[in-house]
Amino acid sequence: MRLLVPAIATALAATALARPARAADWDKPGWKLTFQDEFDGADVDATRWVKRYKWGQAQINSELQAYVDDAFQLAGGVLTIVGDKRTATYAGQTFQYASGVLCSVHEQTYGYFEARLKVPAGQGMWPAFWLLGAVGTSGVNEIDVHEILGNAPSTVYMTVHWGTDYAAGHKSDGSSWVGPDFSAGFHVFGLEWRPDAIIWTIDGVEHKRHTGDGIPQVPMYVILNLAIGGGWPGAPDATTPFPASYQIDYVRAYAALPDAGPADDGGGATGGTGGATGGTGGATGGTGGATGGTGGGPAASGGGGCGCGLVGSGDWVSGVAPLVIALLLLMRSRHDSLRRRQGASRSRLRGDRFR
């Protein structure tokens, strides 16, 4: 028994060390992480973001806000773009509202883009998560992962724009989907951009797919902004709550690994049936997916996947160690019992000897 206990402990430690580390919650099978911000710092990271449009400053879409540098707050791992009713200057003009825009320094061609967001409600609010072609690229190259109007926060708009320029020759393919109230909680908005397809997902479930003309073939960057007013949402009114908060939990971008398959055959980012919280394939959903598979949970609590076996849904040591400990206790108990019986026998023999 004395030899057996160290042997079992050594084997257990060696096996535990040999197990692969638990996946981070941003890991996605078939994809390589190329950009991320979990917003864990105290301020916007200037190595990741620019607090202005990359192409310059101008009032667009008849919007009523100035984009300012102090419209951002970070707390508890969440970035908040604050839209408020206050005088501010932007693009040589004075506006009665102030808000913020962020453009990623990182640019890439194709990939999977994802952000976990909570939008503001209120007349005149216009939050957006989108991609725009790198400065200097020709033509219109824009993909709107989501646009939501604050007076109807349950409706999300998903659009791709293309053409020679916005003034003439502009084309687009857009769809809307009515879901939950996106101002009531956080939701994951994803976009897979391939040379021949664009796929929009919300909480891992596909809601739009575009193929054919208009798919950008140039490097693009991420934009997050909270516009106030404009020709589409209209101006704020007496019912609009201020300050308004567009909250971003994280932003991530990925590039497909060479052996990754397309989304609809179970190897892509958007997964199969069920998407982010379960399904049959893919990176944001599926058996063994990064954010959960069949019966699985978020990767932070076990790395996704089946979630139905002893060691498949969590830390291996926490699953196996209790069984090993119970086995050792049982063996120790039997060993002690045997020693007591042997001791009693020796005592009887010793008594017989001196009788």
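**Exercise 1. Strand 10 and its partners**

In what sense, and over how many bridges, do strand 10 and strand 19 pair? Then work out how enclosed strand 10 is.

*Solution.* Keep in mind that this is a predicted model.

Step 1. Start with strand 19, residues 244-256. It pairs with strand 10 in the antiparallel sense, over seven bridges. To find your place on screen, look for Y112, which stands opposite Y254 in strand 19.

Step 2. Now take strand 15, residues 187-194. Strand 10 and strand 15 also pair in the antiparallel sense over seven bridges. Here A115 stands opposite F189.

Step 3. Check burial. Strand 10 covers residues 111-118, and six of those eight residues are buried, so the strand is largely enclosed by the rest of the structure.

**Exercise 2. An open sheet**

Find the order of the strands in the open sheet of seven strands, and name its edges.

*Solution.* Some background helps: strands of a sheet pair through backbone hydrogen bonds, either parallel or antiparallel.

Step 1. Read across the sheet: the order is 2-9-18-11-12-13-14, with antiparallel pairing.

Step 2. Pick out the edges. They are strand 2 and strand 14 (170-178), as each of these pairs on one side only.

Step 3. Zoom in on one pairing. Strand 9 (residues 101-104) and strand 18 (residues 220-228) run antiparallel and are joined by three bridges. C103 stands opposite I223 in strand 18.

**Exercise 3. Two edge-to-face ring pairs**

Classify the ring pairs F35/W49 and Y53/Y67, and say where the partners sit in the chain.

*Solution.* A pair of aromatic rings is described by the distance of the centres and the angle of the planes. The structure holds 16 aromatic pairs, and these are two of them.

Step 1. For F35 and W49, the ring centres are 5.4 Å apart and the planes are at 80°. Planes over 60 degrees apart count as edge-to-face, so that's what this pair is.

Step 2. Place the two residues. F35 is in strand 1 (residues 31-37) and W49 in strand 2 (residues 49-50), so the pair ties together parts that are 14 residues apart in sequence. Both F35 and W49 are buried.

Step 3. Do the same for Y53 and Y67. With centres 5.7 Å apart and planes at 85°, this pair is edge-to-face too. Y53 is in the loop between strand 2 and strand 3 (65-67), while Y67 is in strand 3, 14 residues away.

Step 4. Check burial against the cut-off of under 20% relative accessible area. Y53 comes out at 4%, so it is buried. Y67, at 1%, is buried as well.

Step 5. Widen the view: ring pairs link Y53, W55, Y67, Y90, F95 and W130 into a cluster.

**Exercise 4. R252 and its charged partners**

Which residues are linked with R252 in a network of salt bridges? Work through each contact of R252 in turn.

*Solution.* Side chains of opposite charge can pair when their charged atoms come close. The structure holds 12 salt bridges.

Step 1. Take D25. Its salt bridge with R252 has the closest N and O atoms 3.8 Å apart. D25 lies in the loop between helix 1 (4-18) and strand 1, and R252 in strand 19, so the pair ties together parts that are 227 residues apart in sequence.

Step 2. Take E38. In its salt bridge with R252, the closest N and O atoms are 2.9 Å apart. E38 sits in the loop between strand 1 and strand 2, 214 residues from R252 in the sequence.

Step 3. Compare burial. R252 has 3% relative accessibility, so it counts as buried, and E38 is buried too. D25, at 30%, counts as partly exposed.

Step 4. Put it together: D25, E38 and R252 form a network of salt bridges.

Step 5. Don't forget the ring. The charged end of R252 sits over the ring of Y250, 3.5 Å from its centre.

**Exercise 5. A proline in a loop**

Is P258 buried or exposed?

*Solution.* Step 1. Locate P258 in the loop between strand 19 and helix 2 (316-353).

Step 2. Apply the cut-off: exposed means over 50% relative accessible area. P258 has 86%, so it is exposed.

Step 3. Look across to G30. The two are 228 residues apart in sequence, yet P258 and G30 are 8.2 Å apart in space, C-alpha to C-alpha.

Definitions and conventions:
Residues are numbered from 1 along each chain as its sequence is written. This is a predicted model: local features need pLDDT of at least 70, side-chain atom pairs count only at pLDDT 80 or more; totals for chains, interfaces and linings use all residues. Side-chain values use heavy atoms; hydrogens and water are left out. Rings of Phe, Tyr and Trp (its six-membered ring) pair if their centres lie within 6.5 Å; planes under 30 degrees apart count as stacked, over 60 as edge-to-face and the rest as tilted. Helices (H or I, at least four residues) and strands (E, at least two) are DSSP runs, numbered from the N terminus. Buried means under 20% relative accessible area, exposed over 50%, partly exposed in between (1.4 Å probe, protein chains only). A charge sits over a ring if NZ of Lys or CZ of Arg is within 6 Å of the ring centre and within 35 degrees of the ring normal. Two strands pair if DSSP finds at least two bridges between them. A salt bridge is a side-chain nitrogen of Lys or Arg within 4 Å of a carboxyl oxygen of Asp or Glu.
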